[in-house]
Each structure stands twice: as structure tokens, then as C-alpha cells.
Amino acid sequence: MAASSSLFSSSSFQGVMSFQSTKLCASSSNFVYKQPMHLKRSSQNNGTVSCRALEVDKSSSSYSVGKEFQVTDVIEAQQFDRDLLGAIFDVAREMEKIEKKSPGSQILKGYLMATLFYEPSTRTRLSFESAMRRLGGEVLTTENAREFSSAAKGETLEDTIRTVEGYSDIIVMRHFESGAAKRAAATAGIPVINAGDGPGQHPTQALLDVYTIEREIGKLDGIKVALVGDLANGRTVRSLAYLLARYNDVKIYFVSPDVVKMKNDIKDYLTSRNIQWEESADLMEVASKCDVVYQTRIQRERFGERIDLYEEARGKYIVDSRVLEVMQKHAVVMHPLPRLDEITVDVDGDTRAAYFRQAKNGLYIRMALLKLLLVGW
């Protein structure tokens with residue numbers, strides 16, 4: 001899309017289609033689009049909602065000012081093809097200019113975002129709230145919805161969503177159950193953004209990760225990426241693998257302890273997309289080949305009472321100065337954060353340590369998504 005200052009003027013958004021005009025329907029693992037909201041309500045029968053497929057126009061004009069965003073909820077990484085990713089990244093670059101030069105932006109003035117976080121979060125929750133406020137919107141937030149909301153009294157997720165949508169224009173939700181975001185999207189009449197659903201997916205993290213790789217490496221085709229650490233429970237690496245599969249001549253290395261290896265569904269997906277992947281136990285060898293070393297922590301909270309398995313996995317693969325020595329000069333170290341001891345602090349001073357720049361890029365991606373979901377291109 002052609003970016004211009006007029007894209008973000010307040011007058012550009014008057015009369016733009018309502019973000020409520022279409023709604024995503026969750027059906028098993030596939031997404032189709034619900035009927036426009038006014039038709040959906042009139043066609044309800046015994047609590048069911050008719051769904052229809054919508055062909056998405058991939059021409060460049062579909063990304064021009066005033067057009068609808070191509071998705072109505074952000075639930076999983078598979079929703080995005082490379083053309084749409086590129087267009088979102090263009091908006092993110094414009095958002096970076098807004099954040100640096102125009103702190104008084106009013107693009108989302110009059111809109112309210114509700115954040116429902118049933119699991120702890122620092123970067124995701126705060127970056128979404130910062131993104132909304134930097135665009136002139138307001139925020140309703142609950143920091144620990146699992147304990148400090150009616151969920152603690154036994155309220156269902158569906159009832160919570162139906163209630164919260166009455167107070168807000170968009171919902172950002174993190175949940176401890178895989179698939180919870182799909183349930184929320186199927187219930188809500190407003191956009192829902194998946195901010196992480198248990199060991200399932202974290203699509204906005206994957207978007208900012210790919211955006212960071214493009215900015216740091218300068219390309220996305222022909223790259224080699226090492227995914228390191230907890231690959232069985234890590235929702236970030238799952239979503240990132242889906243997005244990397246959109247690009248050409250990519251090779252992915254999986255480096256992890258045996259108890260947290262990447263699951264077969266991701267391997268099968270990559271194979272179906274003709275993406276090369278390889279499992280390795282040698283971090284040093286893999287790091288010497290890769291453009292990106294994407295480290296993750298071993299997630300204690302996913303092991304339940306099996307502390308023995310957690311201890312077996314923890315500390316096996318650490319990015320330190322020795323790993324930096326074998327890495328290529330242009331390569332980068334990334335991490336979704338928070339980190340424990342899997343990246344030593346002496347790595348922070350190396351210019352190839354990209355994880356704090358990566359976290360900052362999350363602000364621009366989330367500003368872009370909020371803008372696109374609420375007022376379109």
C-alpha cells in the first residue's frame with residue numbers, strides 16, 4: 001500500500017465501514033467469515049449463526065485508504081499471507097513515525113479497548129495499552145482475570161466475552177487454554193485479538209518477530225532461523241513457524257531438549273509448504289549457520305507437577321559469549337521475553353542482541369493492528 005500522511009488524518013476515517021460489519025467464525029481449525037452483523041442477527045435460529053466464505057481481494061487496491069481490513073479477528077498466524085504481512089508492516093512503519101513525531105495522534109479517539117489477561121504479561125499487555133493510548137483511544141483492563149474477575153466465581157468465558165463486548169470496541173485476550181481465543185471470537189460481535197492462548201498460538205508476537213527479522217536482516221526470503229528452547233510448549237515459536245512458511249527458501253532448525261521438542265503438527269505443516277527443517281542437538285553448529293537465533297525459556301508453568309522434567313530441560317541450551325563467537329556478523333539473537341538464564345546478560349551489549357528492539361517493535365505492530373481492525377486501511 002502507498003503510505004502517506006493523509007492515511008492517518010482524522011478526516012480520513014470519517015465514514016469508514018464499521019469494524020462490526022463482518023465477524024470471524026471459528027470452526028475446528030479453519031476460519032471463515034460470518035455474515036455482516038445485521039444479517040447475522042436476523043438469521044439466527046435456535047442460537048445458531050450462519051457462516052459464509054468470503055473471497056479476499058489480494059490486489060494492491062484492497063490495501064488502499066478506506067478499505068476494510070482483511071480479517072476481523074486476530075486468532076492464529078495462518079490468517080496472514082505474505083502480501084497481507086507486507087501491507088501490515090507498511091502500516092507499522094507509519095506507526096513508528098507517529099509514535100516518534102506525533103504523540104498526540106487521535107486516530108482511535110472515541111474507541112475503547114478491553115484487555116482480558118488470564119495469565120501474567122508485561123510486554124504484550126503494556127504494549128497493547130500503550131498502542132491504544134498513543135492512537136488516542138482508551139483502555140479498560142484487568143491484569144489477572146483468572147483471579148480478579150468473575151471467572152473466579154465460575155463464570156464461563158462466553159458469558160464474560162458477551163459482557164465485556166458491551167463495554168468496549170475491541171477485546172485483547174490472553175488465556176491459559178489453547179483454543180480459548182477461537183471461542184471468544186465465535187462469541188463476540190466485536191474484534192478479538194489473541195494475545196496468547198496457553199501453549200496454542202501468539203499471532204501478534206509472530207507478526208512482530210517477522211517484522212523484526214525483516215528490519216534486522218533486511219530480507220525474509222532465503223533466511224535460516226534456529227528455534228531454540230521450549231518448542232513443545234512455546235506458542236511464540238509455533239506461530240513464528242507458520243509465518244516463516246510464507247517465505248521462499250527458508251530453513252528452520254529446531255534445537256531443544258528431548259522433552260520439549262517441536263510437535264509434529266508444525267513439522268508436518270512446514271513439510272506441506274516445502275519448508276526445510278532439521279532437528280539438531282548442537283546449538284553451536286546451528287548458530288554458526290543461521291541468520292537468526294530465536295531463543296526461548298523453558299516454561300515452568302507448563303510442566304505441572306513434573307518438576308523432574310522441567311529440571312531436565314532447563315539450562316541445556318544457553319546463548320552466551322561462546323555462541324556469539326561462532327555467529328555470523330550480520331546475524332541476530334532474538335527472544336520473546338521474559339528470559340531467565342537462557343541468554344546471559346553479557347550478550348546484551350552485543351549489537352546482535354535484538355530482543356529489546358524486538359520488544360519495541362511490538363508497539364508498532366500492535367498500533368497497526370488496532371488501527372486496521374477498528375478503522376480499516
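These legends go with a few close-up views of a predicted model.

**View A. Helix 3 packing against helix 12.** Here residues 123-134 (helix 3) sit against residues 355-375 (helix 12), with the axes 8 Å apart and an angle of about 55° between them. Angles that are neither under 35 degrees, over 145, nor in the 65 to 115 range count as oblique, and helix 3 and helix 12 are therefore oblique to each other. The crossing of helix 3 past helix 12 is right-handed.

**View B. Who touches whom between helix 3 and helix 12.** On the helix 3 side, the contact uses Arg123, Thr124, Ser127, Phe128, Ser130, Ala131, Met132 and Arg134. Helix 12 brings Ala359, Leu363, Arg366, Met367, Leu370 and Leu374 to the contact. Sorted by class, that makes eight nonpolar residues, with three polar and three charged ones alongside.

**View C. An open sheet of four strands.** Reading across the sheet, the strand order is 5-4-6-7, and the pairing is parallel. Strand 5 (138-142) and strand 7 (192-197) are the edges, so to speak: each pairs on one side only. Ignoring direction, neighbouring strands in this sheet are turned by 15° against each other on average.

**View D. Zooming in on strands 6 and 7.** Strand 6 covers residues 170-175 and pairs with strand 7 in the parallel sense, over four bridges. If you want one spot to look at, try Met173, which stands opposite Asn194 in strand 7. Strand 7 is also one of the edge strands from the previous view.

Definitions and conventions. Residues numbered from 1 in each chain as written. Predicted model: local features only at pLDDT ≥ 70, side-chain atom pairs only at ≥ 80, totals over all residues. Heavy atoms only, no water. Axes fitted to C-alpha atoms, helices over the stretch in contact; angles between N-to-C directions. Helix = DSSP H or I, 4+ residues; strand = E, 2+ residues; numbered from the N terminus. Left-handed = near helix turned anticlockwise from the far one by under 90°. Contact = heavy atoms within 4.5 Å. Nonpolar A, V, L, I, M, F, W, Y, C, P; charged D, E, K, R; others polar. Pairing = 2+ DSSP bridges.
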